[in-house]
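Trainee: I should like to understand the terms used for this structure. May we go through them one by one?

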Amino acid sequence: MTRRRILVINPNSSASVTAAIDDAVAPLRIVGGPDIEVVGLAEGPPGISSQRDADSVVMPLVNRVTRDDADAFVLACFSDPGLHAAREAAGGRPVLGIAECGIFRALMLGERFGIIALSPSSIRRQQRMARVMGVDSRYAGSWSVGASAAETAGADIRGRLIEAGRALVTQCRADVVVMGCAGMASHRAAIADAIGVPVVEPAQQAVAAAIGAVLLNT
């Protein structure tokens with residue numbers, strides 16, 4: 001019997017971000033579960049920092065989904081670029097966006113969620129996403145750390161991520177924090193310990209949802 005497989009696509013070309021995502025989903029590689037493959041997108045920019053960046057990877061993502069025989073796909077960028085187009089291309093196979101999954105998980109953990117954002121332009125996209133998803137009444141806000149996606153995968157950024165998480169709790173009244181970039185994954189536990197509220201790592205949540213979809217054929 002052919003093993004089922006989930007393909008996790010980092011839509012940027014940063015090897016450090018792809019490695020951080022791979023490390024984050026490692027605990028989800030369970031006996032009897034589907035294989036989880038994490039890849040970058042060579043055609044993508046170094047980071048998704050603007051709407052233009054997000055739009056530029058839509059067709060490369062669609063093309064990758066179209067030609068791949070994976071049982072499910074995860075788009076591992078918090079902008080969820082090309083999510084609906086990729087779902088069309090997947091022919092009924094599940095396609096999960098990490099922002100959508102991360103936000104839905106946050107709604108299960110508290111009343112108001114905040115997002116640690118990379119930049120001010122990221123905040124604008126997150127505000128729009130909350131409105132489009134219909135969850136803006138429970139969106140406390142976003143707080144920028146002024147970093148690139150690749151920088152968030154390193155150790156030096158941790159203090160700024162903690163400061164942003166703390167600001168979301170104390171100033172925006174968030175009781176759950178969502179990490180707004182897949183590269184931040186390795187810092188989740190440290191941020192949660194420092195700020196005292198649940199912290200959601202969205203790539204993990206999307207892959208967990210994909211595992212359920214594959215195993216249950218839904």
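The exchange below concerns strand β5, its partners and helix α9.

Mentor: This is a predicted model, in which local features need pLDDT of at least 70, side-chain atom pairs count only at pLDDT 80 or more, and totals for chains, interfaces and linings use all residues. Residues are numbered from 1 along each chain as its sequence is written, and side-chain values use heavy atoms, with hydrogens and water left out.

Trainee: Why is strand β5 called mostly covered?

Mentor: Buried means under 20% relative accessible area (exposed is over 50%, partly exposed in between; 1.4 Å probe, protein chains only). Five of the five residues in β5, 113–117, are buried. Both faces are covered, with F113, I115 and A117 on one side and G114 and I116 on the other. Strands here are DSSP runs of E with at least two residues, and helices are runs of H or I with at least four, numbered from the N terminus.

Trainee: What makes β5 and β6 a pair?

Mentor: Two strands pair if DSSP finds at least two bridges between them. β5 and β6 (residues 139–144) have five, in the parallel sense, so they meet that definition. In this pairing, I115 stands opposite S142.

Trainee: How do you know that the buried residues of α9 line one face?

Mentor: The buried residues of α9 (residues 188–195) are I191, A192 and I195. Seen down the helix axis, they fall within an arc of 100°, so they line one face. The arc is that of the directions from the helix axis to the C-beta atoms.
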